Amino acid sequence: VEEDWEKAAQSMQRYLHVAPEANTSGTHTEEAALESLRKSLVWLRSIVAEKCQNAIDARDEAGVVRFSRLMTQLGCAGEGAARFAQFMGTKVQQGAEEEVLRLKQRIEMGIKGNQMLYAAAITSVLELVAGAMAEGEVLVRESFEEEPSLHLVASLYGKAAPSIADMLGMLYQNRKVGGL
């Protein structure tokens, strides 16, 4: 069974924008049909949201993009943008945590006191954020018809901040830097 969620969203949008004709014998039937469509829209929104979350959990970027865009078509642009931002933030967080682990490994190997080591690690995390922001802002503009959302910026920097704080903490601890 092929699931064409895009076609379902397009059909839903097309039929929901049809107003019943006034003073006709079919008014009650048309209202009932529109009410059924509205219920179907709620059902479709919940399925698309679930599929988007499943794509996030599976780290399926194409699926996240697809279902986030569908959420916009179904009138949930804010939620679609927020879920996309969540996904991108998680990607940044994972990369930042990996960078912290690499830094810890280097420190354990005896490479202490070299401030460039810390600077390079922090720079790598900031480059992850910048790359995700560049990638994300294009999609946000194309898919959600808005400027790069606050959701995206807050998610990316919010997910990177703990790793940067960990790195600065290691620098402070290993260098006995008092003025940090």
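In this predicted model, helix 3 and helix 4 meet through a shared set of residues: E61, V64, V65, S68, M71 and T72 on the helix 3 side are in contact with A77, E79, G80, R83, F84, F87, M88 and K91 on the helix 4 side. Sorted by class, this contact between helix 3 and helix 4 holds seven nonpolar, three polar and four charged residues. The geometry of the pair can be described just as plainly. The axes of helix 3 and helix 4, the latter spanning residues 77-108, come within 7 Å and cross at roughly 160°. Because angles over 145 degrees count as roughly antiparallel, helix 3 is roughly antiparallel to helix 4. The crossing of these two helices, helix 3 and helix 4, is left-handed.

Just as worthy of a look is the loop that joins helix 2 (27-57) to helix 3 (61-73), where R59 is found. The phi of R59 is near 55°, a positive value in a residue that is not glycine. For context, most residues other than glycine have a negative phi. R59 also counts as exposed, because its relative accessibility is 59% and the cut-off for exposed is over 50%.

Turning to the cysteines, the count of disulfides in the model is zero, under a rule that asks for a pair of cysteine sulfur atoms within 2.5 Å. C52 has a relative accessible area of 0% and is therefore buried. C76, with a relative accessible area of 18%, is buried as well, since the limit for buried is under 20%.

Technical notes:
Residues are numbered from 1 along each chain as its sequence is written. This is a predicted model: local features need pLDDT of at least 70, side-chain atom pairs count only at pLDDT 80 or more; totals for chains, interfaces and linings use all residues. Side-chain values use heavy atoms; hydrogens and water are left out. Helices (H or I, at least four residues) and strands (E, at least two) are DSSP runs, numbered from the N terminus. Buried means under 20% relative accessible area, exposed over 50%, partly exposed in between (1.4 Å probe, protein chains only). Axes are lines fitted to C-alpha atoms, for helices over the stretch in contact, and angles run from 0 to 180 degrees between N-to-C directions. Angles under 35 degrees count as roughly parallel, over 145 as roughly antiparallel, 65 to 115 as roughly perpendicular and the rest as oblique. A crossing is left-handed if the near helix is turned anticlockwise from the far one by less than a right angle, and right-handed if clockwise. Contact means heavy atoms within 4.5 Å. Ala, Val, Leu, Ile, Met, Phe, Trp, Tyr, Cys and Pro count as nonpolar, Asp, Glu, Lys and Arg as charged, and the others, Gly among them, as polar.
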